[in-house]
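Here are some friendly notes to read alongside the structure. Take them one at a time, and find each residue in the viewer as you go.

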Amino acid sequence: CPCFAGGSGYALNRAALELFGRIGLPNHFPDQIDSREDIYMGGFFCSQGIILSDTKSDSDGGLRFGVGDAEYAFNYNGVSPLHPKVIEKRLNFSIPLGMNSLAEDVISFHLKSSSADVHEVMYRYDAILYDRCK
């Protein structure tokens, strides 16, 4: 089954979290120290026969968990490191790009691609979300 990354975030229901805590943590790469925990979690759920859900917005097709930071979406120039055609061919899953990639109800962004320091970007997003821009 396809193992999607969740670098910008993911949501687990209570049953999935309990299963991961009870079986996944002690048995699925328990000694691995790595920043790719999203890949390992996806692999664990796949090994348990749990299908991951598409979290694209029903209203506009944008992603609730952004694949890059907001700056990346805004400044999109037609080139994507995500290889969207390969993903669509292999997984039958299309990824919207640029500003179309963000759902109106976006939940989070992946900050690793930001040109600014992560802490600076977090303050920017906080200001935008809570209308503190002056």
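1. Let us begin with two helices. The buried residues of α2 pack against α1. Within α2, the buried residues are D38, Y40, M41, G42, F44 and F45. Please keep in mind that this is a predicted model. Just after α2 comes G49, and its phi is positive, near 80°.

2. Now look at the aromatic rings. Searching the whole structure turns up four aromatic pairs. One of them joins F20 and F45: the ring centres are 6.1 Å apart and the planes meet at 40°, so this pair counts as tilted. F20 sits in helix α1 and F45 in helix α2 (residues 37-47), so the pair links distant parts of the chain, 25 residues apart. Both F20 and F45 are buried. Together with F44, these two residues make up one aromatic cluster.

3. Stay with α1 for a moment and find L25, which belongs to this helix. Which residues does L25 touch, once neighbours within four places in sequence are left aside? The answer is F20 and P30. As for L25 and F44, they are 19 residues apart along the chain, and their C-alpha atoms are separated by 9.3 Å.

4. Next, the nonpolar cores. As a general background point, nonpolar side chains in soluble globular proteins tend to be buried together. In this model the largest nonpolar core is built from seven residues: A73, L102, F109, L111, A116, V121 and Y125. Another core, of six residues, lies apart from it, and includes A16, L19, F20 and M41. You have met F20 already, as the partner of F45 in the tilted pair.

5. L111 is a good residue to click on in the largest core. Setting aside neighbours within four places in sequence, L111 is in contact with D69, V118, V121, M122 and Y125. Of these contacts, V121 and Y125 are also listed as members of that core.

6. How many salt bridges are there? The count comes to one. It is formed by the side chains of R64 and D105, with 3.0 Å from N to O. R64 is in the loop between α2 and α3 (70-74), while D105 is in the loop between α4 (84-91) and α5 (118-129), so the bridge ties together parts that are 41 residues apart in sequence. Are the two partners buried or exposed? R64 is partly exposed, with a relative accessible area of 21%, and D105 is partly exposed as well, at 38%.

7. The loop between α4 and α5 also holds S108. With a relative accessible area of 16%, S108 is buried, because the cut-off for that word is under 20%. Leaving out residues up to four places away in sequence, S108 touches S8, G9, R64, F65 and G66. Notice R64 in that list, the salt-bridge partner of D105.

8. Finally, turn to the surface. Y10, L12 and L17 form a nonpolar patch there, with about 270 Å² of accessible area together. Where is Y10 found? It lies in the segment before α1 (14-27). At 36% relative accessibility, Y10 counts as partly exposed, because that term covers values from 20% up to 50%.

Definitions and conventions:
Residues numbered from 1 in each chain as written. Predicted model: local features only at pLDDT ≥ 70, side-chain atom pairs only at ≥ 80, totals over all residues. Heavy atoms only, no water. Patch = residues over 30% accessible without salt bridge, like charges linked within 9 Å, V, L, I, M, F, W, Y side chains within 5 Å. Areas by Shrake-Rupley, 256 points an atom, 1.4 Å probe, with all protein chains shown as cover. Salt bridge = Lys/Arg side-chain N within 4 Å of Asp/Glu carboxyl O. Helix = DSSP H or I, 4+ residues; strand = E, 2+ residues; numbered from the N terminus. Buried < 20%, exposed > 50% of the residue type's maximum accessible area, 1.4 Å probe, protein only. Phe/Tyr/Trp six-rings, centres within 6.5 Å; stacked < 30°, edge-to-face > 60°. Core = buried A, V, L, I, M, F, W, Y, C linked by side-chain atoms within 4.5 Å. Contact = heavy atoms within 4.5 Å.
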